[in-house]
Amino acid sequence: MAPAPADLIDRARRHLEAHARTWASELDEDAGPRAAWYVHHDLAALLPLLQETLADRDRLAARLQTARRDPLTGLVTRQAWTERAEQLAAAGPTAVLLVDLDHFKPVNDRHGHAAGDAVLAATAHRLADWCGPAGCAGRLGGDEFVAAVPDHGDLAERVTKLRDALARPVDHRGRLLQVGASIGAAQLADLAVPTVSAALEAADAAMYRSKRRGRRGRRWPTPLTLAHTLRRAA
(Lines give C-alpha, C1' and ligand atoms only; values in the text may rest on other atoms or scores of the structure.)
Protein backbone atom coordinates (compact mmCIF):
# COMPACT_ATOMS: atom_id res chain seq x y z
CA MET A 1 0.00 0.00 0.00
CA ALA A 2 1.46 3.37 -1.07
CA PRO A 3 2.02 5.97 1.66
CA ALA A 4 -0.53 8.75 1.86
CA PRO A 5 0.51 12.05 0.20
CA ALA A 6 0.47 13.79 3.57
CA ASP A 7 2.88 11.20 5.01
CA LEU A 8 5.25 11.61 2.08
CA ILE A 9 5.18 15.38 2.41
CA ASP A 10 5.93 15.09 6.12
CA ARG A 11 8.83 12.73 5.46
CA ALA A 12 10.25 15.07 2.81
CA ARG A 13 9.93 18.00 5.22
CA ARG A 14 11.80 16.13 7.94
CA HIS A 15 14.57 15.15 5.52
CA LEU A 16 14.91 18.75 4.37
CA GLU A 17 15.15 19.95 7.97
CA ALA A 18 17.81 17.34 8.70
CA HIS A 19 19.68 18.38 5.56
CA ALA A 20 19.60 22.02 6.63
CA ARG A 21 20.88 21.20 10.11
CA THR A 22 23.67 19.11 8.63
CA TRP A 23 24.87 21.86 6.36
CA ALA A 24 24.65 24.34 9.21
CA SER A 25 26.75 22.22 11.54
CA GLU A 26 28.97 20.62 8.89
CA LEU A 27 29.53 17.75 11.28
CA ASP A 28 28.91 14.92 8.83
CA GLU A 29 30.16 15.11 5.26
CA ASP A 30 27.96 12.22 4.15
CA ALA A 31 24.75 13.46 5.81
CA GLY A 32 24.04 16.18 3.22
CA PRO A 33 24.03 13.93 0.13
CA ARG A 34 22.18 11.22 2.04
CA ALA A 35 19.41 13.65 3.09
CA ALA A 36 19.19 14.99 -0.46
CA TRP A 37 18.76 11.43 -1.78
CA TYR A 38 15.92 10.77 0.68
CA VAL A 39 14.19 14.00 -0.36
CA HIS A 40 14.54 13.11 -4.03
CA HIS A 41 13.24 9.59 -3.42
CA ASP A 42 10.19 10.78 -1.49
CA LEU A 43 9.38 13.56 -3.96
CA ALA A 44 9.63 11.08 -6.83
CA ALA A 45 7.08 8.87 -5.05
CA LEU A 46 4.90 11.87 -4.24
CA LEU A 47 4.72 13.30 -7.77
CA PRO A 48 2.50 10.57 -9.33
CA LEU A 49 0.12 10.80 -6.37
CA LEU A 50 -0.08 14.57 -6.72
CA GLN A 51 -0.71 14.21 -10.45
CA GLU A 52 -3.52 11.72 -9.81
CA THR A 53 -4.99 14.02 -7.15
CA LEU A 54 -5.00 16.93 -9.60
CA ALA A 55 -6.55 14.71 -12.27
CA ASP A 56 -9.28 13.67 -9.80
CA ARG A 57 -9.91 17.33 -9.05
CA ASP A 58 -10.23 18.15 -12.75
CA ARG A 59 -12.59 15.22 -13.33
CA LEU A 60 -14.74 16.29 -10.39
CA ALA A 61 -14.83 19.88 -11.65
CA ALA A 62 -15.89 18.64 -15.08
CA ARG A 63 -18.70 16.55 -13.57
CA LEU A 64 -19.88 19.46 -11.46
CA GLN A 65 -19.88 21.73 -14.50
CA THR A 66 -21.85 19.13 -16.48
CA ALA A 67 -24.35 18.81 -13.64
CA ARG A 68 -24.93 22.58 -13.76
CA ARG A 69 -25.72 22.52 -17.48
CA ASP A 70 -28.45 20.71 -19.33
CA PRO A 71 -26.71 18.36 -21.79
CA LEU A 72 -29.35 18.73 -24.51
CA THR A 73 -29.79 22.49 -24.62
CA GLY A 74 -26.61 23.76 -22.99
CA LEU A 75 -28.61 25.99 -20.67
CA VAL A 76 -27.86 26.08 -16.97
CA THR A 77 -29.94 23.96 -14.62
CA ARG A 78 -32.12 25.23 -11.79
CA GLN A 79 -29.44 25.72 -9.14
CA ALA A 80 -27.02 27.55 -11.41
CA TRP A 81 -29.84 29.68 -12.81
CA THR A 82 -31.06 30.59 -9.32
CA GLU A 83 -27.57 31.74 -8.32
CA ARG A 84 -27.29 33.92 -11.41
CA ALA A 85 -30.81 35.31 -10.99
CA GLU A 86 -30.09 36.27 -7.39
CA GLN A 87 -26.97 38.12 -8.57
CA LEU A 88 -29.07 40.03 -11.09
CA ALA A 89 -31.67 40.86 -8.44
CA ALA A 90 -28.97 42.17 -6.11
CA ALA A 91 -27.60 44.37 -8.90
CA GLY A 92 -30.86 46.10 -9.84
CA PRO A 93 -34.50 45.75 -10.96
CA THR A 94 -35.07 42.25 -12.32
CA ALA A 95 -37.85 40.32 -14.05
CA VAL A 96 -38.30 36.55 -13.90
CA LEU A 97 -40.05 34.58 -16.65
CA LEU A 98 -41.30 31.04 -16.83
CA VAL A 99 -41.84 29.48 -20.26
CA ASP A 100 -43.80 26.29 -20.92
CA LEU A 101 -44.17 25.01 -24.47
CA ASP A 102 -47.65 24.45 -25.88
CA HIS A 103 -48.42 21.42 -28.06
CA PHE A 104 -45.00 19.93 -27.43
CA LYS A 105 -46.22 16.41 -26.65
CA PRO A 106 -47.85 15.95 -30.09
CA VAL A 107 -44.50 16.77 -31.70
CA ASN A 108 -42.87 13.92 -29.77
CA ASP A 109 -45.79 11.56 -30.43
CA ARG A 110 -46.05 12.25 -34.17
CA HIS A 111 -42.46 12.89 -35.16
CA GLY A 112 -40.35 11.14 -32.54
CA HIS A 113 -38.06 12.22 -29.74
CA ALA A 114 -35.38 13.50 -32.09
CA ALA A 115 -37.89 16.07 -33.34
CA GLY A 116 -38.81 16.95 -29.78
CA ASP A 117 -35.15 17.41 -28.91
CA ALA A 118 -34.75 19.73 -31.90
CA VAL A 119 -37.63 21.86 -30.65
CA LEU A 120 -36.17 22.02 -27.15
CA ALA A 121 -32.72 22.97 -28.46
CA ALA A 122 -34.20 25.68 -30.72
CA THR A 123 -36.30 27.04 -27.85
CA ALA A 124 -33.22 27.20 -25.62
CA HIS A 125 -31.24 29.02 -28.30
CA ARG A 126 -33.98 31.57 -28.91
CA LEU A 127 -34.53 32.16 -25.20
CA ALA A 128 -30.79 32.63 -24.58
CA ASP A 129 -30.62 35.11 -27.47
CA TRP A 130 -33.59 36.97 -26.03
CA CYS A 131 -31.96 37.18 -22.59
CA GLY A 132 -28.72 38.52 -24.01
CA PRO A 133 -25.45 38.63 -22.09
CA ALA A 134 -27.00 40.61 -19.23
CA GLY A 135 -29.67 37.97 -18.52
CA CYS A 136 -29.72 34.26 -17.83
CA ALA A 137 -31.79 31.45 -19.35
CA GLY A 138 -32.17 27.99 -17.84
CA ARG A 139 -34.02 24.74 -18.33
CA LEU A 140 -36.00 23.43 -15.40
CA GLY A 141 -36.80 20.13 -17.06
CA GLY A 142 -39.06 18.73 -19.76
CA ASP A 143 -40.40 21.57 -21.87
CA GLU A 144 -40.20 24.14 -19.09
CA PHE A 145 -37.69 26.99 -19.22
CA VAL A 146 -36.86 29.95 -17.04
CA ALA A 147 -35.23 33.33 -17.57
CA ALA A 148 -34.08 36.32 -15.55
CA VAL A 149 -33.34 39.68 -17.14
CA PRO A 150 -32.70 43.23 -15.97
CA ASP A 151 -36.00 45.11 -15.82
CA HIS A 152 -35.71 48.38 -17.72
CA GLY A 153 -39.44 49.12 -17.82
CA ASP A 154 -40.02 47.61 -21.29
CA LEU A 155 -40.98 44.10 -20.17
CA ALA A 156 -44.30 44.03 -22.04
CA GLU A 157 -42.65 44.79 -25.37
CA ARG A 158 -39.82 42.35 -24.74
CA VAL A 159 -42.14 39.50 -23.77
CA THR A 160 -44.14 40.06 -26.96
CA LYS A 161 -40.91 39.68 -28.94
CA LEU A 162 -40.08 36.51 -27.02
CA ARG A 163 -43.54 35.08 -27.73
CA ASP A 164 -43.09 35.75 -31.44
CA ALA A 165 -39.61 34.22 -31.46
CA LEU A 166 -40.76 31.03 -29.73
CA ALA A 167 -43.75 30.70 -32.09
CA ARG A 168 -41.53 30.45 -35.18
CA PRO A 169 -41.57 26.93 -36.67
CA VAL A 170 -38.53 24.74 -36.07
CA ASP A 171 -36.99 23.14 -39.16
CA HIS A 172 -36.16 19.49 -38.46
CA ARG A 173 -35.00 17.35 -41.37
CA GLY A 174 -37.01 19.38 -43.82
CA ARG A 175 -40.17 19.34 -41.72
CA LEU A 176 -41.47 22.48 -40.00
CA LEU A 177 -42.46 21.77 -36.42
CA GLN A 178 -44.90 24.22 -34.87
CA VAL A 179 -45.20 24.83 -31.15
CA GLY A 180 -46.23 27.78 -29.05
CA ALA A 181 -45.35 28.91 -25.55
CA SER A 182 -47.22 30.03 -22.48
CA ILE A 183 -45.20 32.71 -20.72
CA GLY A 184 -45.56 33.98 -17.19
CA ALA A 185 -43.52 36.89 -15.91
CA ALA A 186 -43.06 38.70 -12.63
CA GLN A 187 -41.20 41.90 -11.80
CA LEU A 188 -39.51 41.70 -8.42
CA ALA A 189 -40.24 45.35 -7.74
CA ASP A 190 -43.99 44.60 -7.78
CA LEU A 191 -43.82 41.77 -5.26
CA ALA A 192 -44.59 42.06 -1.56
CA VAL A 193 -41.53 39.89 -0.98
CA PRO A 194 -39.07 40.85 -3.75
CA THR A 195 -37.09 37.62 -4.00
CA VAL A 196 -36.27 35.37 -6.91
CA SER A 197 -38.21 32.46 -5.40
CA ALA A 198 -41.31 34.63 -4.91
CA ALA A 199 -41.00 35.96 -8.46
CA LEU A 200 -40.73 32.43 -9.81
CA GLU A 201 -43.89 31.41 -7.97
CA ALA A 202 -45.77 34.43 -9.30
CA ALA A 203 -44.53 33.80 -12.84
CA ASP A 204 -45.50 30.15 -12.55
CA ALA A 205 -49.04 31.04 -11.50
CA ALA A 206 -49.36 33.58 -14.33
CA MET A 207 -48.05 31.07 -16.85
CA TYR A 208 -50.58 28.42 -15.85
CA ARG A 209 -53.42 30.91 -16.00
CA SER A 210 -52.33 31.74 -19.53
CA LYS A 211 -52.15 28.06 -20.44
CA ARG A 212 -55.57 27.30 -18.98
CA ARG A 213 -57.11 30.15 -20.96
CA GLY A 214 -55.59 28.84 -24.14
CA ARG A 215 -53.55 31.96 -24.79
CA ARG A 216 -50.07 32.26 -26.20
CA GLY A 217 -48.38 35.43 -25.21
CA ARG A 218 -47.19 37.67 -22.49
CA ARG A 219 -48.56 37.31 -18.98
CA TRP A 220 -47.22 39.12 -15.96
CA PRO A 221 -48.91 40.00 -12.69
CA THR A 222 -50.62 43.35 -12.39
CA PRO A 223 -51.20 44.52 -8.81
CA LEU A 224 -54.65 42.90 -8.83
CA THR A 225 -53.61 39.59 -10.38
CA LEU A 226 -50.51 39.50 -8.22
CA ALA A 227 -52.58 39.90 -5.08
CA HIS A 228 -54.84 37.10 -6.34
CA THR A 229 -51.81 34.94 -7.01
CA LEU A 230 -50.35 35.51 -3.56
CA ARG A 231 -53.68 34.83 -1.86
CA ARG A 232 -54.03 31.55 -3.72
CA ALA A 233 -50.42 30.59 -2.92
CA ALA A 234 -51.07 31.27 0.78
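Which residue follows α4, and what is the sign of its phi? Gly-112 comes right after α4, and its phi is positive, near 95 degrees. This is a predicted model, where local features need pLDDT of at least 70, side-chain atom pairs count only at pLDDT 80 or more, and totals for chains, interfaces and linings use all residues. Residues are numbered from 1 along each chain as its sequence is written, and side-chain values use heavy atoms, leaving out hydrogens and water.

**View 1. The two faces of helix α4 (residues 104-111).** Helices are DSSP runs (H or I, at least four residues) and strands are E runs of at least two, numbered from the N terminus. Phe-104, Val-107 and Asn-108 are the buried residues of α4 (buried: under 20% relative accessible area; exposed: over 50%; 1.4 Å probe, protein chains only). They lie on the same side of α4 because they cover an arc of only 95 degrees around the axis. Turned away from that buried side are the exposed Lys-105, Asp-109 and Arg-110.

**View 2. What the buried side of α4 packs against.** Here you can find β1 (94-102), α5 (113-131) and β5 (175-177) packing against the buried residues of α4.

**View 3. Helix α5 beside helix α6 (residues 155-167).** The two helices pack at an angle of about 155 degrees, with axes 10 Å apart. That makes α5 roughly antiparallel to α6 (angles over 145 degrees count as such). In their contact (heavy atoms within 4.5 Å), look for Thr-123, Arg-126, Leu-127, Trp-130 and Cys-131 of α5 meeting Arg-158, Val-159, Leu-162, Ala-165 and Leu-166 of α6.

Methods. The arc is that of the directions from the helix axis to the C-beta atoms. Axes are lines fitted to C-alpha atoms, for helices over the stretch in contact, and angles run from 0 to 180 degrees between N-to-C directions. Angles under 35 degrees count as roughly parallel, over 145 as roughly antiparallel, 65 to 115 as roughly perpendicular and the rest as oblique.
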